[in-house]
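Take one helix at a time when you read a protein. Ask what surrounds it, and which side faces inward.

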Amino acid sequence: MTILITGGGGLVGGTLLRLLHAAGHDVRVASRNPDRLSPPEGVPVVRCDLSDPGTFPAALDGITSVFLYADPSHTAAFAGRAAEAGVGHIVLLSSSATLFPEPDSGRPNPITGLHLETERALKASPVRSTLLRPGAFASNALSWSHSIRTTGTVRLPYPDTHDAPIHEADIAEVALAALAGPLPADDDNHLTGPASLTFREQIEHIAQATGRPIALDVVSEEAWKEETAPYIPAPVADTLVSWWREHDGVPAATTRTVEWLTG
């Protein structure tokens, strides 16, 4: 069995690569920029750009299972080529955004749309698939790191919004169970962290861990979007703010899926 990991430079893909390699599995790691990868010794590297179907044949040659990240541009072509190559199982890193209805604003949610389109194309293919649907990643808190270092302050419009952030290593452990363990194909592997936390509580945890005080400034939606415009596209910023507004003061649902599947 040879497993292809796409997006090998990401936090989930990179962790999964190390787990599979340590367990003795035959692994090939792929990225659109393979020169930037630093895999364990002996792990072959291949270029696979999910926006370029021309890279699919070489990446999939001899592969039996795939860890796939969500990019809907050519999912059907990828799945078709995978079927031709003899791939029997694809594990997709999707998002829990696909489990929730569209916002009342009527504006399409780009995060939901991207992942739903990928899921549907994959499910329409003949290859067996497993969907992993994590919520917020724990590493999202790194977006506060610059302001914490430089000003000791985090600025947010809705600091009492709840979420249940999940560590990327836990997602990788579930992916390991799906690719090389007991996890069967299932449309709804909703993955969360173990507790519902507000942004305020997360910042308090960071302050405690770093041993330095962190102030919290409550700002307007427009002020936050203006400040983050250089690195967060407007449609994504609108989606995030809408989600935060709807979940302000509302505890997030949690699942025990990670515990059940990994022990």
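This report looks at helix α3 and its surroundings.

The model is predicted. Helix α3 spans residues 75-85, and helix α4 spans residues 110-123.

**How the two helices pack**

The axes of α3 and α4 lie 8 Å apart, at an angle of about 30°. Angles under 35 degrees count as roughly parallel. The two helices are therefore roughly parallel to each other. The crossing of α3 past α4 is right-handed.

Which residues make the contact? On the α3 side they are T75, A76 and A79, and they meet T118, A121 and L122 of α4. Sorted by class, this contact has 4 nonpolar residues, 2 polar residues and no charged ones.

**The two faces of α3**

Which residues of α3 are buried? T75, F78, A79 and A82 are. These residues cover an arc of only 95° around the axis, so they sit on the same side of α3. The face turned away from that buried side carries A76 and E84, which are exposed.

What do the buried residues pack against? Their partners are listed here.

| Partner of the buried residues of α3 | Residues |
|---|---|
| α2 | 56-60 |
| β4 | 65-69 |
| β5 | 89-93 |
| α4 | 110-123 |

T75 and A79 appear in both pictures: they are buried in α3, and they meet α4. A76 also meets α4, yet A76 is exposed.

**Just past the helix**

What comes after α3? Just after α3 sits G86, with a positive phi of about 95°.

Terms used:
Residues are numbered from 1 along each chain as its sequence is written. This is a predicted model: local features need pLDDT of at least 70, side-chain atom pairs count only at pLDDT 80 or more; totals for chains, interfaces and linings use all residues. Side-chain values use heavy atoms; hydrogens and water are left out. Axes are lines fitted to C-alpha atoms, for helices over the stretch in contact, and angles run from 0 to 180 degrees between N-to-C directions. Helices (H or I, at least four residues) and strands (E, at least two) are DSSP runs, numbered from the N terminus. Angles under 35 degrees count as roughly parallel, over 145 as roughly antiparallel, 65 to 115 as roughly perpendicular and the rest as oblique. A crossing is left-handed if the near helix is turned anticlockwise from the far one by less than a right angle, and right-handed if clockwise. Contact means heavy atoms within 4.5 Å. Ala, Val, Leu, Ile, Met, Phe, Trp, Tyr, Cys and Pro count as nonpolar, Asp, Glu, Lys and Arg as charged, and the others, Gly among them, as polar. Buried means under 20% relative accessible area, exposed over 50%, partly exposed in between (1.4 Å probe, protein chains only). The arc is that of the directions from the helix axis to the C-beta atoms.
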